[in-house]
Amino acid sequence: MAGLHKSEFTNPVIRWVDTRMPVFTMMQKEYGSFPTPRNFNYFWNFGALAMVNLMIMIITGIFLAMNYAPNTAMAFDSVQRIMRDVNYGWLLRYVHQNGASMFFIVVYIHIFRGLYYGSYKYPRELLWMIGVVLLILMMATAFMGYVLPWGQMSYWGATVITNLFSAFPIVGDPIVTWLWGGFSVDNPTLNRFFSLHYLLPFVLVGVTFLHVVALHITGSNNPLGIDVKSPQDTLPFHPYYTIKDSVGICVYLMVFAALVFFAPNFLGDPNNFIPANPLQTPADIVPEWYFLPFYAILRSVPNKLGGVCMMFGSLLVLFVLPWLDTSKVRSARFRPLYRPFIFVLVVSVVILGMVGAHRPEGIWVVLGRVCTAYYFLHFLVLLPIIGKFERPLPLPESISKPVLGGGGGPLPAGAAAKPMEKA
Amino acid sequence: MMRVSVRHTLRTAALACALGAVALAAPARAQEAPVPPKQNWSFNGPFGAFDMASVQRGFAVYQNVCSNCHSMNLLHYRDLAGIGLTPEQIKAVAASFTVPLGLDDQGQPIEGPALPSSQFRAPFPNEKAARAAMGGALPPDLSLIFNAREYHGDYIYALLTGYADPPADMKMQAGMHYNKYFPGHQIAMPQPLHGGDVSFPGNAPNTLDAEAHDVVNFLAWASNPEMTTRKQIGVRVVLFLALMTGLTYAVKRQIWSDAH
Amino acid sequence: MDAASGAAVAPAVGSEQARTDRRDFLRMVTGAGAAIGAGAIAWPFIDYMNPSEDVIAAGAAIDVDLSKVEPGQQITILWRGRPILVVNRTKAALETLQEPGLVGRLADPASTVHQQPPYAQNWHRSIKPEFAVLVGICTHLGCLPKYLPTPDPTTPEANWPGGYFCPCHGSKYDLAGRVYKSVPAPYNLPVPPYRFSGDQKLRIGENPPGATFDLASVVQM
């Protein structure tokens, strides 16, 4: 019969399945022998960590949903019941709550790796854009998830952020009413946020699959930013990177455990322990820490629509990053003029985070505007200009040149195409 | 052999600082009241645990003083097993409270002695009744008050012991009391504890200071009943993960020994 | 390992074999650690689905005041989601329970099948003969049998002495919950754990001191 796969496995059960649906062959190809650059540093762990984190969030989330009641009259108390009466409910809740923070820590570092080493540049532009889609989906999921406990900050954060859409002329108010399902954030809003919060992680899984597919077509970038030239430049993913990822996972779990067991509410807001009250606004409405830089950008513009556009713009600008950066060199290791600016960007974003946590008064307003300006300057002005004028350091001949020794299999399709090393 | 360049180390350190800065920056609040002084709590720190004798005394204070105005709706009498009460003691404590017990055969609401499965008796049936009795103010439910205030135990202790005469230039609104640590300094609650409000078994000290400490311990437990277990499990988990990190790293070095 | 001789020969320290052994040992320990970790992670998820504290508390023993139950009257108490029938049986009703004419029509008159606690394994299937305590769920397919205590010459069958009749498929039980022969239901109605906490007070869900009985152990609910 045409179409049956010729399986290389010897175990009869595996062979039977693999002949009819070559999942084992696929796993062996994509995660077993897959030729991976031999010079990864630990920054390359963070994609795998993000995948592990997503699995943890989905599993804990499904179990939490067994006891959560998505109704304004019961939501807060149902979460407390999980914390107090359900066996190990406190553990699953704290893992899920702090898992959101860990997810953003991991993903922000993962993004930094991409920025620093030029992983967004040819031929990985689509990979990068899929990544930005993943980030936006993550942010939507986290935003809706935070509303579910129906505390003061859940309610007022939802109110502030959904109200932003009214900034759009003509369509703004109808959109907000449509989002709410009523005249304010209330039970219909909570219910639909629960439904979508349950759905989006599975969309994330699907888009992650696309992300990995795109990655496996081009092959991974590496700290030198130069293309793989020969099998000597690579190692099979298993066992070299399966074990290295295992080390990373242990460290990641230690950080996670320290949060969950010893400081589970450190990153949270005390106001969310007060049930939502539409008649009382907390003294300071603050989103979770991972949204603070965007919150600061939003508030740095005195005009409501302007602030909304800048906030969304800060994400949209990431989409076009591959075309903004004119440098022919990928890795910042060889871009001495550009490198300090990346650190200025990181510092700016950190300062924006602090700005977002404070009331918009005094020095914080100035800092917010300066750093917002720098953020857009960095992407829209500096990246195009620096690439044109920079004299990059000489690139090494190949990844394996300094190191003797073999390893690795055939090159992944497409990786041996145009090498990027002309100065 | 992993080459750790200076550049790399600096970059990692910068990221660590960045994360730390964002984390520390997160809980920034308006300065409307002084930061309460730090106290020593037995539950602080990675090896912290509740002093159950103190928690029990704090429950006695809640029962006799605070529960006249403050509900604790998230707690049930059976939860008191977590602070060391026996099933008989729990039954007795529960039975000493009269709570709504459903409907009689005519469909009329009835009351009776609480069961272990009953919620803590609330002083008022609903918010409106509470406000009516309290001159418009609502005494907050205390189940999560420890978590719901930024400085947690230090704040509650400072509040309970922070009543004083108002400074000469402050105009107090009608029915309000001056408190050094309440945001805005004007609190509707009159000073609830003065020392000697409750007599404890074994003649444990019942000065204002001692009572306030006991109340904080009880409220800390009420907000986080799982805390002692959580920290005990946490120590084991982190140690186990540290061991696994070492083991996996050793295996990693082994596997990579032929790659460099 | 020397396969030929079958005896374990310790390799020289520093030899290729010793290095391999150390490597395998290290990997085995690491793998074992990972397996232990995975098992330890699994338990909280499994236990999470067990009954929670509030559910267990809601299923605690229930007190019933018998002083309001008239002779011949049945009340139904909900315990752990199931109807518990408490009947104040009249003298006449108790007399019928021992008549050979009835006993001959029953499938398990001596309650040999484990459907009741040991202290209810008697002709009246209870602690005190006057009070029946039964789980009101038909052992056929789970419907709730009707209480028909009045003797009747024809309905629901000839010489009906009083008992229970299940409307779904016609199973019949006597006033001690013992099932008739040749009906769809296979077993007597279960008896839950209970005790008398006072002369006129029942406590459903607790055994008398010294007895152990778990309702989950019966053959058929």
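This is a short walk through a predicted model, taking in one contact between chains, one disulfide, several salt bridges and a single arginine.

Let me begin with the place where chain C meets chain B. The contact draws 13 residues from chain C and 10 residues from chain B, and the area buried between these two chains comes to about 900 Å², with carbon and sulfur atoms giving 72% of that. On the chain C side, the residues that lose the most area to chain B are Leu26(C), Arg27(C) and Thr30(C), and together they make up 49% of what that side buries.

Which elements of chain C give two or more residues to the side that touches chain B? They are helix 1, which runs over 16-48, and helix 2, which covers 53-58, and of these helix 1 of chain C supplies the largest share, with 10 residues. If we sort the side of chain C that touches chain B by class, we find five nonpolar, three polar and five charged residues.

With charged residues on that side, one may wish to know how many salt bridges the rule finds across the interface of chain C and chain B. The number is zero, while the rule does find one residue pair in polar contact across that interface, with both residues at pLDDT 80 or more.

Let me turn now to the cysteines. A disulfide is a covalent bond between the sulfur atoms of two cysteines. Over all chains the structure holds one disulfide, and the partners are Cys143(C) and Cys168(C), whose sulfur atoms lie 2.1 Å apart. The angle about the S-S bond is -95°, and the link between Cys143(C) and Cys168(C) is left-handed. This pair joins distant parts of the chain, since Cys143(C) sits in the loop between strand 4 (131-135) and strand 5 (146-148) of chain C, whereas Cys168(C) sits in the loop between strand 6 (163-165) and strand 7 (172-174) of chain C, with the two positions 25 residues apart in numbering. As for exposure, Cys168(C) counts as partly exposed because its relative accessibility is 39%.

Another cysteine of chain C deserves a word here, namely Cys166(C), which is in no disulfide, the nearest cysteine sulfur being that of Cys138(C) at 3.9 Å. Is Cys166(C) buried or exposed? Its relative accessibility is 2%, and so Cys166(C) counts as buried. In chain A, by contrast, Cys309(A) is partly exposed, because its relative accessible area is 44%.

Next come the salt bridges. Side chains of opposite charge can pair when their charged atoms come close. The structure holds 22 salt bridges over all chains, and I will show you a few of them. In chain A, the side chains of Arg330(A) and Asp227(A) meet in a salt bridge, with 3.0 Å from N to O. The two residues belong to distant parts of the chain and are 103 residues apart, Arg330(A) being in the loop between helix 13 (321-324) and helix 14 (339-357) of chain A, and Asp227(A) in the loop between helix 9 (187-218) and strand 2 (234-236) of chain A. Both Arg330(A) and Asp227(A) are buried.

In chain C, Arg195(C) forms a salt bridge with Glu206(C), and here the closest N and O atoms are 2.9 Å apart. Arg195(C) is in strand 8 (residues 194-198) of chain C, and Glu206(C) is in the segment after strand 9 (201-204), 11 residues away. Arg195(C) is partly exposed, because its relative accessible area is 21%, and Glu206(C) also counts as partly exposed, at 26% relative accessibility.

A further salt bridge of chain C is that of Asp24(C) with Arg23(C), whose closest N and O atoms are 3.9 Å apart. Asp24(C) is partly exposed, with a relative accessible area of 40%, and Arg23(C) counts as partly exposed at 33%.

Back in chain A, there is also a network of salt bridges that links Lys121(A), Asp325(A), Arg335(A) and Glu390(A).

I will close with Arg113(A), which lies in helix 5 (residues 89-117) of chain A. Its relative accessible area is 11%, and therefore Arg113(A) is buried. Leaving aside residues up to four places away in sequence, Arg113(A) touches Phe43(A), Trp44(A) and Ser119(A). Where does Asn71(A) stand with respect to Arg113(A)? The two are 42 residues apart in sequence and, from C-alpha to C-alpha, 41 Å apart in space.

Conventions
Residues are numbered from 1 along each chain as its sequence is written. Chains are lettered from A and ligands numbered from 1 in the order in which they are written. This is a predicted model: local features need pLDDT of at least 70, side-chain atom pairs count only at pLDDT 80 or more; totals for chains, interfaces and linings use all residues. Side-chain values use heavy atoms; hydrogens and water are left out. Contact means heavy atoms within 4.5 Å. Buried area is the accessible area (1.4 Å probe) that two parts lose on being put together, summed over both. A salt bridge is a side-chain nitrogen of Lys or Arg within 4 Å of a carboxyl oxygen of Asp or Glu. A polar contact is a pair of N or O atoms within 3.5 Å; within protein, one must be able to donate a hydrogen and the other to accept it, and residues adjacent in sequence count only if both atoms are side-chain atoms. Helices (H or I, at least four residues) and strands (E, at least two) are DSSP runs, numbered from the N terminus. Ala, Val, Leu, Ile, Met, Phe, Trp, Tyr, Cys and Pro count as nonpolar, Asp, Glu, Lys and Arg as charged, and the others, Gly among them, as polar. A disulfide is a pair of cysteine sulfur atoms within 2.5 Å. Buried means under 20% relative accessible area, exposed over 50%, partly exposed in between (1.4 Å probe, protein chains only).
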